[in-house]
Amino acid sequence: MTTAQAGTGRTVTTDIPARLDRLPWSRWHWTIVIGLGTVWILDGLEVTVVGNIASRLSEPGSGLPITSGEITGMAAALYVAGACLGALFWGRLTDKWGRKKLFMITLAVYLAATALTAISFDTWWFFLFRFLTGFGIGGEYAAINSAIDELIPKEYRGRTDLMINGSFWLGAVFGSLLSIVALDTDIFAANVGWRLTFALGAVLALVILLVRRHVPESPRWLLIHGRDDEAERIVSSIERKIEEERNDPLPRPEGEITIHQRRSVSFLEIGRTVFSDYRKRAVLGFSLFIGQAFLYNAITFGFGAILTTFFDVPSGNTGYYFAVIAIGNFFGPLLLGKLFDTVGRRIMISGTYIVSGLLLFGTAWLFDQGSLSAATMTACWCAVLFFASAGASSAYLTVSEVFPMETRAMSIAFFYAIGTAAGGISGPLLFAKLTESGVVGDTVLAFSIGATLMCLAGLVAALLAVKAERRSLEDIAKPLTAAEKTAGPTPGGGGDDGTGPQGPRAATA
């Protein structure tokens with residue numbers, strides 16, 4: 001690493017990004033996956049448990065004066081609002097203060113809020129801490145996706161990101177089954193079981209918090225913010241651990257990058273970068289998030305109502321059906337993830353979106369014809385969501401890798417907030433009324449809307465998706481602090497034309 005003085009900061013030429021990208025998969029990388037990725041399981045647990053315990057919380061003797069409508073309505077909306085605001089608030093701080101500091105703080109917020117939800121004694125208390133739980137979870141998405149993409153080697157980034165985001169559905173499976181046990185009054189009192197589900201979430205968060213202490217700060221973030229000595233120590237330590245594990249020297253890194261270090265980037269520059277220099281990528285991110293949000297709402301918001309209304313499934317048994325489709329959701333990213341790194345982003349993103357949309361159109365047609373039972377409807381949903389889950393996870397991957405380093409967390413936060421708001425606000429308003437009406441045609445319309453938006457998003461991806469597979473982050477989107485000329489393979493990919501903004505402004509400190 002070489003350093004020269006610049007007018008507003010130091011100019012550093014470094015091979016640290018190349019050293020991180022050429023690392024083979026190791027036990028250290030599994031530590032990152034476990035330490036950072038398992039929080040998605042908590043998110044899936046939270047969302048599923050609250051939906052499943054709504055009926056019990058509203059019963060006399062639950063210890064909480066609340067109605068089922070307030071739980072699925074106001075409490076759900078507050079959780080979503082908290083997640084959206086949390087993503088934007090913490091996302092900005094993640095780019096400014098660092099990945100590690102924020103993924104520790106946001107998990108601590110989640111832990112405290114979930115624990116305090118468990119001791120709710122009045123409706124206002126429950127509402128307040130559902131909002132704060134969402135506030136913590138929203139920040140997790142920005143901080144963790146940033147850290148994962150910057151720590152995982154380029155050869156494995158796609159499959160790892162998809163697997164981690166898809167683990168949400170492991171939490172959903174666990175939450176479905178946990179709610180069945182926790183709500184059994186033969187095992188727990190009516191005012192105890194639901195509290196234990198929230199307490200368990202807090203305990204799991206505490207365990208994850210302890211594991212996360214061993215996850216380092218992103219060396220890429222440290223480099224840009226003038227802490228290159230610390231970045232060097234972290235990368236050297238990782239290399240030593242992997243060489244000891246393999247008992248073999250690592251290959252030489254290829255390529256260097258020169259950056260002008262600075263402490264922060266203004267909101268104006270972030271906005272100009274994302275919506276001007278990378279406007280086509282912004283359209284891509286918006287399309288992917290809206291498409292997956294509406295498809296999931298077309299199915300999941302009316303899930304219980306469809307089963308009970310059209311197939312006479314007892315409300316107490318819907319959790320078993322949900323567990324089945326949650327398993328389908330998990331296996332999609334797990335089994336298809338590698339293809340995003342080998343076949344490529346453009347084919348796989350557009351393919352998963354379009355295939356899931358077409359399958360949902362087919363499901364709508366079969367449902368309209370009266371050809372489905374509860375079991376075959378669930379099987380159809382499983383097939384749809386197997387592909388849709390991989391596509392939805394790739395939306396998070398896309399917005400976390402196609403924008404410059406300095407804007408990464410804020411970009412994730414922005415598109416996450418858009419998708420979450422669409423899914424948690426407009427989705428319920430539209431789909432809940434359609435699927436709960438008891439009219440077959442209304443449910444078919446709900447399915448068709450979700451399918452149409454998913455197919456349209458797939459077509460946008462076919463045109464605009466970036467070929468990011470097996471490419472370094474600096475090659476996909478040149479850092480704003482990067483010097484115009486680099487050694488080795490030329491970074492600076494990433495503008496709307498695939499080459500990135502190359503002019504003097506992009507290289508100005």
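This is a short group-meeting talk on one predicted protein model.

Okay, hi everyone. Let me start with how far to trust the thing, since it's a predicted model. The chain averages a pLDDT of 85, and 89% of the residues score at least 70. If you go element by element, the bottom of the ranking is strand 1, residues 2-5, with a mean pLDDT of 46. The top is helix 16, residues 345-368, with a mean of 97.

Two stretches deserve a warning label. Residues 2-8 have pLDDT below 50, and that stretch makes 14 contacts in the model beyond its near neighbours in sequence. Residues 497-509 are also below 50, and there the count is 33 contacts beyond near neighbours.

Now the overall picture. We've got 20 helices and three strands in the chain. There are 509 residues, and 58% of them count as buried. On contacts, take the pairs at least 6 apart in sequence: 83% of those join residues at least 24 apart.

Let's go through a few helices, beginning with helix 6, residues 123-151. How far apart should the ends of its 29 residues be at 1.5 Å a residue? The expected span is 42 Å, and the end C-alpha atoms are indeed 42 Å apart, so the two agree. As for its surroundings, 25 of the 29 residues are buried, so helix 6 is largely enclosed by the rest of the structure.

Helix 13 covers residues 279-300, which makes 22 residues. From first C-alpha to last it reaches 31 Å, close to the expected 32 Å. Here 17 of the 22 residues are buried, so helix 13 is largely enclosed by the rest of the structure too.

Then helix 19, residues 440-464, with 25 residues. Its end-to-end C-alpha distance is 36 Å, close to the 36 Å you'd expect at 1.5 Å a residue. If you want to pick out its buried residues on screen, they include Thr-443, Val-444, Ala-446, Phe-447 and Ser-448. Further along helix 19, the buried set also includes Gly-450, Ala-451, Met-454 and Cys-455.

While we're on helices, have a look at Ala-395, which sits in helix 17, residues 374-401. Is Ala-395 buried or exposed? Its relative accessibility is 0%, so Ala-395 counts as buried. Leaving out residues up to four places away in sequence, Ala-395 touches Leu-288, Phe-289 and Tyr-353. There's also a pairing with Gln-292: the two are 103 residues apart along the chain, yet their C-alpha atoms are separated by 8.4 Å.

On to the loops. Between helix 11, residues 228-246, and strand 3 there's a loop that holds Asn-247. Asn-247 has a phi near 55 degrees, a positive value in a residue that isn't glycine. Its relative accessibility is 72%, and that's over the 50% cut-off, so Asn-247 counts as exposed.

Pro-249 is in the loop between helix 11 and strand 3 as well. Pro-249 is exposed, at 59% relative accessible area. Its C-alpha is 9.1 Å from that of Glu-239, ten residues away along the chain.

A second positive phi turns up at Arg-470, near 60 degrees, again in a residue other than glycine. Arg-470 lies in the loop between helix 19 and helix 20, residues 473-476. With 36% relative accessible area, Arg-470 is partly exposed.

Last topic: empty space inside. The general idea is that rolling a probe the size of a water molecule over the atoms shows where empty space is left. How many cavities of 30 Å³ or more does a search of the whole structure find? Three. The largest of them has a volume of about 60 Å³.

Which residues line that largest cavity? They are Thr-14, Pro-17, Arg-220, Leu-223, Ile-224, Ile-257, Ile-259, Met-405, Glu-474 and Pro-479. The elements giving two or more residues to that lining are helix 10, 219-224, and strand 3, 257-260. Helix 10 has the largest share, with three residues. By type, the lining of the largest cavity splits into seven nonpolar, one polar and two charged residues.

That's my tour, so over to you.

Key: Residues are numbered from 1 along each chain as its sequence is written. This is a predicted model: local features need pLDDT of at least 70, side-chain atom pairs count only at pLDDT 80 or more; totals for chains, interfaces and linings use all residues. Side-chain values use heavy atoms; hydrogens and water are left out. pLDDT is the predictor's confidence in each residue, from 0 to 100. Helices (H or I, at least four residues) and strands (E, at least two) are DSSP runs, numbered from the N terminus. Contact means heavy atoms within 4.5 Å. On a 1 Å grid over the protein atoms alone, a cavity is a set of points where a 1.4 Å probe fits but cannot get out, and a pocket is an open set with protein on both sides within 12 Å along at least five of seven lines; lining residues have an atom within 4 Å of a point. Grid points are joined across faces, edges and corners, and a volume is the space filled by probe spheres set on the points. Ala, Val, Leu, Ile, Met, Phe, Trp, Tyr, Cys and Pro count as nonpolar, Asp, Glu, Lys and Arg as charged, and the others, Gly among them, as polar. The expected span of a helix is 1.5 Å times one less than its number of residues. Buried means under 20% relative accessible area, exposed over 50%, partly exposed in between (1.4 Å probe, protein chains only).
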